[in-house]
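Reader: Hello! I am in my first year and would like to take a close look at one part of a protein. Could you walk me through it at an easy pace?

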Amino acid sequence: MSAKRQPVSDEEADRKIRQTIAWWNNHGELQQQIHYDAVAEPLTRVSSRQAMQILNNMGERKDRIANPTGYIRAECQRLGGGADREADAKIRRTIGWINKQAGLKEELRYCDVAGPLSQLEAQQGGRVLHNVCEKAAEIRDPAGYIMGAVRRIKGEEKPELDDKVKSTIRWWNTHGGLQQPLDYNSILVPLSQLETRDALYILAGLEGKESEVTNPTGWVCSAARKRLERVSA
């Protein structure tokens, strides 16, 4: 009679996952490196057997996987290891609709962007996809556009505002008669998540309220969040 097989400890499973990811990064000839910090948590939400299966299955698909980190996170979500399966399903449906209806120059693949989008709040991710729809005709690399947008939202890349928005902020601070100047660094991220016309609409909303808005910076941030919620709903 053979000895009963002992279950693999969490420490042993983590060690094997780390070693496998290191092997892929060093020898797997992937199109991009796997970012361990981005896949560690999703991989712990599936069984160790499933985690190793996801990593091992990349061998036959590596030439088609442009973003291995996103692929791993997407596979974990598919197997029930994602933080929010309902949000994941919505991302899948939206990407499917975009590919059929938005007129992209290049197909947007779920496995390339599921990982990055899962790092955002649902409203933020929805806004990013909404922007892809609106700019479909001018976006040559939709997956790259989305990954760049995620990095900017997370603060890994400094976001930029349109020159019209910048000049409007300067005008308010110089001539607008506000009770306090607008703090550019504080309103930069909230406004950068909106379309230029929406950001300008919010800034224009200060007109006539100069005497009642004691904290213009907070007012703009709040208005930007509310606007983002409406357009992402």
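Reader: Leaving aside its neighbours within four places in sequence, which residues is Ile-153 in contact with?

Author: Happy to help! First, a word on what you are looking at. This is a predicted model, in which local features need pLDDT of at least 70 and side-chain atom pairs count only at pLDDT 80 or more, while totals for chains, interfaces and linings use all residues. Residues are numbered from 1 along each chain as its sequence is written, and side-chain values use heavy atoms, with hydrogens and water left out.

Now to your residue. Once neighbours within four places in sequence are set aside, Ile-153 is in contact with Leu-120, Gln-124, Val-128 and Gln-193. Contact here means heavy atoms within 4.5 Å. Ile-153 itself belongs to helix H8. Helices (H or I, at least four residues) and strands (E, at least two) are DSSP runs, numbered from the N terminus. With a relative accessibility of 19%, Ile-153 counts as buried. The cut-offs are these: buried is under 20% relative accessible area, exposed is over 50%, and partly exposed is in between, using a 1.4 Å probe and protein chains only.

One of those partners is worth a second look. Ile-153 and Gln-193 are 40 residues apart in sequence, yet their C-alpha atoms are 7.5 Å apart in space. For the protein overall, residues 24 or more positions apart make up 68% of the contacts with a separation of 6 or more.

Two other partners, Gln-124 and Val-128, appear among the buried residues of H7, together with Gly-125, Arg-127, Leu-129, Asn-131 and Val-132. Helix H7 has 13 residues and reaches 18 Å from its first C-alpha to its last, close to the 18 Å expected at 1.5 Å a residue. That expected span is 1.5 Å times one less than the number of residues.

Next comes a pocket. The second largest pocket has a volume of about 400 Å³. It is lined by 21 residues, and the closest to its centre are Asn-131, Arg-152, Ser-192, Gln-193 and Leu-194. You have already met Gln-193 as a partner of Ile-153. Helices H7 (122-134), H8 (142-153), H10 and H11 are the elements that give two or more residues to this lining. As for the terms, the search uses a 1 Å grid over the protein atoms alone; a cavity is a set of points where a 1.4 Å probe fits but cannot get out, a pocket is an open set with protein on both sides within 12 Å along at least five of seven lines, and lining residues have an atom within 4 Å of a point. Grid points are joined across faces, edges and corners, and the volume is the space filled by probe spheres set on the points.

Let us follow H11. Its buried residues are Asp-198, Ala-199, Ile-202 and Leu-203. Seen down the axis of H11, they fall within an arc of 140°, so they line one face of the helix. The arc is that of the directions from the helix axis to the C-beta atoms. On the other side of H11, Arg-197 and Tyr-201 are exposed.

H10 and H11 lead us to H9, since helix H10 (184-192) and helix H11 (196-204) are among what covers the buried residues of H9. Those buried residues are Val-165, Ile-169 and Trp-172. They cover an arc of only 60° around the axis, which puts them on the same side of H9. On the other side, Asp-163, Lys-164, Arg-170, Thr-174 and His-175 are exposed. Helix H9 covers residues 163-175. At its start, a side-chain oxygen of Asp-162 reaches to within 2.8 Å of the backbone nitrogen of Lys-164. Such a polar contact is a pair of N or O atoms within 3.5 Å; within protein, one must be able to donate a hydrogen and the other to accept it, and residues adjacent in sequence count only if both atoms are side-chain atoms. Just after H9, Gly-177 takes a positive phi of about 70°.

Finally, step back to the whole protein. It has 12 helices and 0 strands, and 43% of its 233 residues count as buried.
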